[in-house]
Amino acid sequence: MEPGRAAAPQVDPQLALQAVRDMASPLMEKLEMDWLEVGPERVVARIPVAGNTQPYGLLHGGATAALCETIGSVGTAIAAGMDKLVVGVALTVNHIRSAREGRVTATGIPLHVGRTSAVWDMRVTDDDDRLVAVSRLTLAIRDAAPPPAQRSD
């Protein structure tokens with residue numbers, strides 16, 4: 001653990017996994033994202049290649065990016081506390097190999113989770129455990145804004 005970093009909150013991995021699976025997100029539904037492991041120190045999810053391709057029949061880089069950003073965002077929210085607002089501010093994805101079929105699985109681990117920022121590293125592999133992409137995500141961690149006051153006009 002980094003000096004000055006608060007200990008990751010105690011999270012029941014099964015409860016966290018179920019909470020993420022129950023989360024309503026149109027993008028995750030469109031990608032057909034399947035959550036395998038969720039916690040403050042490691043997040044694993046996968047998507048099918050079919051339905052997430054570009055015109056040449058290859059896994060779309062945007063689908064890979066969405067998978068990676070979602071993993072890092074969920075992991076940071078769990079590590080920082082679900083009462084925080086977590087937003088990605090920089091994402092890089094290096095595509096190593098193409099994928100035409102099966103599923104790709106992304107595994108994310110935090111490199112840093114502080115009071116105001118986090119950095120996650122993701123590795124994306126195919127069904128044969130070959131490296132498809134690597135990604136780095138930087139996130140801002142903020143106090144959630146209170147809901148806007150309702151007008152009584």
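Two strands count as paired if DSSP finds at least two bridges between them.

**View 1. Six strands make one open sheet in this predicted model.** Read across the sheet, and the order is β1-β2-β4-β5-β6-β3. The pairing is antiparallel. Strands of a sheet pair through backbone hydrogen bonds, either parallel or antiparallel.

**View 2. The edges of the sheet are β1 and β3.** Strand β1 covers residues 34–38. Strand β3 covers residues 84–95. Each of these edge strands pairs on one side only. From one strand to the next, the twist averages 20 degrees.

**View 3. Strand β2 lies against strand β4.** Find β2 at residues 43–48 and β4 at residues 103–113. The two run antiparallel, and six bridges join them. Two facing pairs help you trace the match. V43 stands opposite G108 in β4. Further along, I47 stands opposite V104 in β4.

**View 4. Strands β4 and β5 form a hairpin.** Three residues sit between the two strands. Strand β5 spans residues 117–125. Eight bridges join β4 to β5, and the strands run antiparallel.

**View 5. A closer look at one bridge of the hairpin strands picks out A106.** Which residue in β5 is the bridge partner of A106? The partner is V124.

Definitions and conventions
Residues are numbered from 1 along each chain as its sequence is written. This is a predicted model: local features need pLDDT of at least 70, side-chain atom pairs count only at pLDDT 80 or more; totals for chains, interfaces and linings use all residues. Side-chain values use heavy atoms; hydrogens and water are left out. Helices (H or I, at least four residues) and strands (E, at least two) are DSSP runs, numbered from the N terminus. Axes are lines fitted to C-alpha atoms, for helices over the stretch in contact, and angles run from 0 to 180 degrees between N-to-C directions.
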